[in-house]
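Student: I should like to learn how to read the features of a structural model in an orderly way. Where should one begin?

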Amino acid sequence: MKKIRIIVCAKQIPDPEAPLSDVSVDAENKEIVVDAPQVINPFDENALEAAIQLKEDTDAKITVLSMGKKVSDTVLRKTLAAGADELILLEDNAFEKLDSHSVACVLADAIRKIDKYDLVLTGRQAGDWDSGQVGLILGEMLSLPCISLARDIRIADGSVAVKKTHPEGYERVRARMPALVTVSNEVGELRYISRTRMLKMLRGAASISSWNSEDFDVACESLMKAEVVELLSPSDMGRDCRFIEGATADEQAEKLAAVFMELR
Amino acid sequence: MSPSRIMYWKIEDIWIFYVLAALATVIFLTGLAVHIRVWKKSAGCLDIPFSKKGLKRTILDTFSGRRILQGEISAGIMHLLLFWGFLSLFIGTSILSVHHYVISFLKGTAYLVFSLSMEVGGIMLLAGTIWALIRRYIQCVPRLEKRLEDVLVSVWLLLAVFSGFILEGLRLACHQPSWGAWSFAGQWMGGLFSPSMAEAFYPSFWWGHAFLTLSLIAVIPFTKLFHIMGAPVSIYTRESVSPVIPDIKDGPGEFNMEFNLGDLIFFDSCMRCGRCVASCPSAGAGEPFSPRDFIQAMRRGLWQKHFPSGDIRFLTRHEESKMDESFWYCTTCRACLEVCPIYGAAFEAIIRKRASAMEDGVRVPKLLNQTLEKIFNYDNPWESSRRQRGAWAKGLDLVDLTKKGAKAELCYFVGCTTSFDDTAQGMARSVSKILQIAGVSFGILGKKEPCCGDIARHLGELGLFTEQMDNCLELFNKYGITQIMTSSPHCFHTFRNEYLKAPFKVRHYTMVLRELIDQGKLFFKKGIKADVTYHDPCYLGRYNRIFDEPRQIIRMIPGVRLVEMGHHGADSLCCGGGGGRMWQDLDGDAKMGEVRIREAEATGAQILITACPLCRIMLEDARKATGLNETLQVMDLNELVLQALEGADAQKNSNPDKNGIYSYKEKQK
């Protein structure tokens with residue numbers, strides 16, 4: 001069987017699980033200030049895990065693509081430690097704060113340069129803005145069959161068979177490769193990368209290339225920035241805790257019902 | 001005629017016996033060599049450093065059976081009978097060979113003494129074997145398994161000894177010697193046969209007995225009887241079992257993640273007595289984990305890896321295989337080591353197993369994966385911000401040792417759980433107030449306080465642990481910290497015993513309080529009238545043998561009466577929070593904490609005291625879950641001490657009696 005080439009798109013974002021006290025809204029500059037470490041978008045980690053599981057079953061090569069104004073290779077080397085074969089960082093000032101369409105444009109151009117691939121995997125959405133658009137737009141731009149929200153991915157006879165998550169279960173979908181699949185968290189978390197393994201990856205030689213806008217054919221002038229119209233802090237919900245006392249359960253229930261009536 | 005025995009009486013073709021004996025010896029030695037080869041192959045070496053202490057312990061333990069007697073006298077006596085019976089018969093037979101082949105000396109009185117000793121040895125072995133069978137199959141002691149080799153070995157032993165007595169009886173029935181009374185059991189047996197019958201049966205019984213005993217020796221390495229050879233070695237190598245900490249500076253990932261030689265000898269020498277299962281709080285709470293099954297699974301795994309035919313023992317397959325997933329259940333409470341006759345530290349082997357799972361990455365449960373990421377990113381497992389670390393100290397006016405010019409004699413290392421958890425934060429505040437009352441010069445590290453590494457260490461994330469250790473050492477060095485007091489026994493143990501070097505003195509707060517009381521700096525003006533019981537935290541008690549200090553402090557508080565739970569001291573149960581279990585979601589029939597809280601309730605005490613933030617949280621949760629709200633209060637020792645120093649306000653409605661003693665509500669029926 002021939003070697004399958006898988007491309008995984010991974011976005012670097014501030015830890016979406018950061019403690020709330022480390023997150024604040026700068027309404028004036030329309031920015032969310034997160035004082036937390038940068039991590040790989042958890043859904044993209046799911047996509048990477050899916051790719052590694054495919055690599056365990058078949059002969060495959062995994063290329064990770066990551067794009068931004070500044071991409072940290074100490075964050076993204078985690079993908080190599082996990083089992084990806086090559087990492088391509090797309091870095092350019094022009095790639096800052098792009099809208100989903102433009103992000104897909106850049107990724108599509110980079111993937112065209114890579115040329116040979118069978119499967120493109122992306123996370124279902126990114127944990128920072130949760131738009132969930134890049135994957136599908138990218139599929140459209142590359143004219144690939146697209147399957148979204150995968151919970152299970154298998155490859156056989158030149159096609160990809162996916163279980164697509166539904167609210168009431170899943171749907172089986174098959175597509176000829178090359179294809180694009182957006183991966184959902186049901187695939188499973190990325191395997192744990194121990195610190196010794198990570199340090200080995202950080203200190204050793206690794207297959208990492210860095211491309212800026214001149215290294216591949218990307219039309220920078222057509223890229224559009226995402227515009228934040230307004231950014232507000234969530235209003236303080238407030239909490240009110242009352243203890244309902246009563247000698248019997250019936251009495252307590254009656255008083256509870258009275259409180260509900262009062263609040264209605 | 002002086003008393004003696006005719007060797008090989010009525011036995012022809014003795015060469016067959018010699019061939020059989022040689023065959024048995026060869027099989028025995030081959031089996032032994034195979035064991036040693038597997039040890040060497042899996043550990044990479046056979047280096048066992050000489051240790052005088054180890055030798056002394058081995059001799060004492062082996063011959064006195066003290067570890068087996070400890071805790072279960074009937075099992076201990078049974079084993080002593082088996083051991084001394086077996087040994088005396090073995091030595092006796094060897095003496096007989098010397099007498100026959102080298103120098104003939106068993107005549108007259110010497111023979112009579114010899115004969116009597118063999119008689120007593122035989123009876124001991126017989127009694128021990130029957131007792132063992134009764135314990136396992138009639139009394140059905142819960143911790144004993146009933147697998148094929150268990151019945152096979154015992155019955156084989158029984159037949160070998162019993163046939164020996166019949167043989168002796170037949171011989172005495174024929175010869176009717178005047179000294180027959182020295183072999184009283186044999187003589188009684190001989191009374192059952194007529195001389196002619198005895199003479200006819202003797203040769204066939206001789207060959208039968210010879211076959212049974214020789215084959216018993218041959219099968220030693222192939223059955224649980226191997227512990228005869230392995231157990232002393234395991235007892236001897238106890239010290240060489242040291243923590244494996246990788247040195248990430250010289251090539252990460254290069255260190256040996258496999259088990260060490262001590263583990264391998266322990267696995268191989270385990271004869272499944274099940275004391276670890278009986279003492280394991282996880283197994284006791286009905287969780288799908290058992291140290292014995294883990295050890296057997298690891299033993300099987302090693303043999304499958306390093307021995308062509310898979311396993312040397314004839315053990316039927318058991319539930320062990322699932323142990324590959326179950327080792328996350330272990331709370332590393334150390335209870336199994338307390339009771340293991342061969343000092344097997346199953347929890348240490350489990351940590352090594354976890355370490356290899358960490359490197360592999362795939363088998364790490366989701367919640368642990370997330371917790372370790374949190375520890376790495378935020379230096380605590382509680383999903384809290386570093387900046388909130390000192391928030392509990394607000395309003396207490398404490399010295400922050402990381403601020404410029406700040407100085408104090410003692411550094412209070414609060415720890416992650418005590419810093420962030422709402423329930424445990426009370427401990428930090430009360431211990432700080434106590435130190436202030438005692439006038440101790442102390443400070444905290446505020447938001448710069450790192451994680452000590454306990455969780456990473458005991459979950460097997462040794463790389464992360466090493467980084468955390470380096471962080472802590474660097475920080476202590478930077479701020480010139482030489483005296484540390486911890487709230488958590490986990491931080492205390494990690495600093496004291498797990499750090500490769502510790503250029504500081506570390507004490508748990510119970511030790512500090514005890515000293516302050518001795519120095520007269522703390523004085524209990526007010527009393528508390530309450531019955532309390534004390535739960536020993538594993539990492540304070542079993543790991544660091546601090547059993548007395550907390551109890552002494554409790555007893556010094558006027559009005560307080562200490563009642564002990566069924567399990568206390570070295571035998572204490574675990575709350576279920578150690579070894580990373582606090583951050584896992586694993587279920588059993590009951591929670592360990594609930595088992596413990598019910599035991600506390602049974603003492604009739606109004607307050608359950610502990611001295612660890614994890615125990616404090618687990619037991620408090622268990623109290624709520626079991627609905628014991630009204631009857632039992634969970635407190636940390638320093639919370640109780642502070643009440644006694646300030647005058648209790650816990651029982652707001654009650655007033656002190658004329659002696660200034662506050663009274664706790666009597667337990668409600």
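Tutor: The discussion below passes from chain A to the sheet and helices of chain B, and then to the place where the chains touch. Please keep in mind that this is a predicted model.

Student: How many helices and strands are there in chain A?

Tutor: Chain A contains six helices and 13 strands. Its C-alpha trace spans about 75 × 45 × 40 Å along the principal axes. Of the 264 residues in chain A, 36% are buried. As for contacts in chain A between residues at least 6 apart in sequence, 72% join residues at least 24 apart.

Student: Which residues touch the most other members of the largest nonpolar core?

Tutor: That core has 198 residues, and those touching the most other members are A:V8, A:L48, A:L107, A:L121 and A:V181. Take A:V8 as an example: beyond its neighbours within four places in sequence, its contacts are A:A47, A:L48, A:A51, A:I62, A:V64, A:A84 and A:L121. There is also a second, separate core of 32 residues, which includes B:F114, B:A132, B:L167 and B:A198.

Student: How does one judge whether the length of a helix is as expected?

Tutor: One compares the expected span, at 1.5 Å a residue, with the distance between the end C-alpha atoms. Helix α6 of chain A (residues 249-263) has 15 residues and should span 21 Å; its end C-alpha atoms are 21 Å apart, so the two values agree. For helix α4 of chain B (residues 73-102), the 30 residues should span 44 Å, and the end C-alpha atoms are 42 Å apart, which agrees.

Student: Does α6(A) lie largely in the open or is it buried, and which residues of α4(B) are buried?

Tutor: The number of buried residues in α6(A) is zero, so this helix lies largely in the open. In α4(B), the buried residues are B:A75, B:M78, B:H79, B:L81, B:L82, B:G85, B:F86 and B:L89. These buried residues of α4(B) pack against α3 (66-69) and α5 (108-138) of chain B.

Student: How should one read a sheet, and what is the strand order of the open sheet in chain B?

Tutor: In general, the strands of a sheet pair through backbone hydrogen bonds, in either a parallel or an antiparallel sense. Here the open sheet has five strands in the order β1-β3-β2-β4-β5 of chain B, and the pairing is parallel. Strands β1 (399-400) and β5 (505-508) of chain B stand at the edges; each has a single partner strand, so one side of each lacks a neighbour in the sheet.

Student: Which residues are bridge partners within this sheet?

Tutor: Let us follow the strands in turn. β1(B) is joined by two bridges to β3(B), residues 442-444, and the two run parallel. The bridge partner of B:D400 in β3(B) is B:I444. Three bridges pair β2(B) with β4(B) in the parallel sense, and B:F413 stands opposite B:T486 in β4(B). β4(B) and β5(B), which run parallel, are joined by four bridges; B:M485 has B:R507 in β5(B) as its bridge partner.

Student: Which residue follows a cis peptide bond in chain A, and where does A:P178 lie?

Tutor: The bond between A:M177 and A:P178 is cis, with omega about 0 degrees. A:P178 is found in the loop between β11 (169-176) and β12 (179-183) of chain A.

Student: What is phi of B:E383 and of B:D397?

Tutor: The sign of phi is the point to note here. Phi is near 55 degrees in B:E383, a positive value in a residue other than glycine. B:D397, likewise not glycine, has a positive phi near 60 degrees. B:E383 is placed in the loop between α17 and β1 of chain B, and the loop between α17 and β1 of chain B also holds B:D397. B:E383 counts as partly exposed because it has 15 C-beta neighbours inside 10 Å, whereas B:D397, with 8 other C-beta atoms within 10 Å, is exposed.

Student: How is an interface described, and how many residues of chain B are in contact with chain A?

Tutor: The size of an interface is often expressed as the accessible area lost when the parts come together. One may also count residues: 23 residues of chain B are in contact with 16 residues of chain A. On the chain B side, the elements giving two or more residues are α16 (346-360), α17 (366-378) and α21 (462-478). The largest share, five residues, comes from α17(B). By type, the residues on this side of chain B are nine nonpolar, eight polar and six charged.

How values were computed. Residues numbered from 1 in each chain as written. Chains lettered and ligands numbered in written order. Predicted model: local features only at pLDDT ≥ 70, side-chain atom pairs only at ≥ 80, totals over all residues. Core = buried A, V, L, I, M, F, W, Y, C linked by C-beta atoms within 7 Å. Buried ≥ 20, exposed ≤ 12 C-beta atoms within 10 Å, placed from the backbone. Contact = placed C-beta atoms within 7 Å. Nonpolar A, V, L, I, M, F, W, Y, C, P; charged D, E, K, R; others polar. Pairing = 2+ DSSP bridges. Expected span 1.5 Å × (residues − 1).
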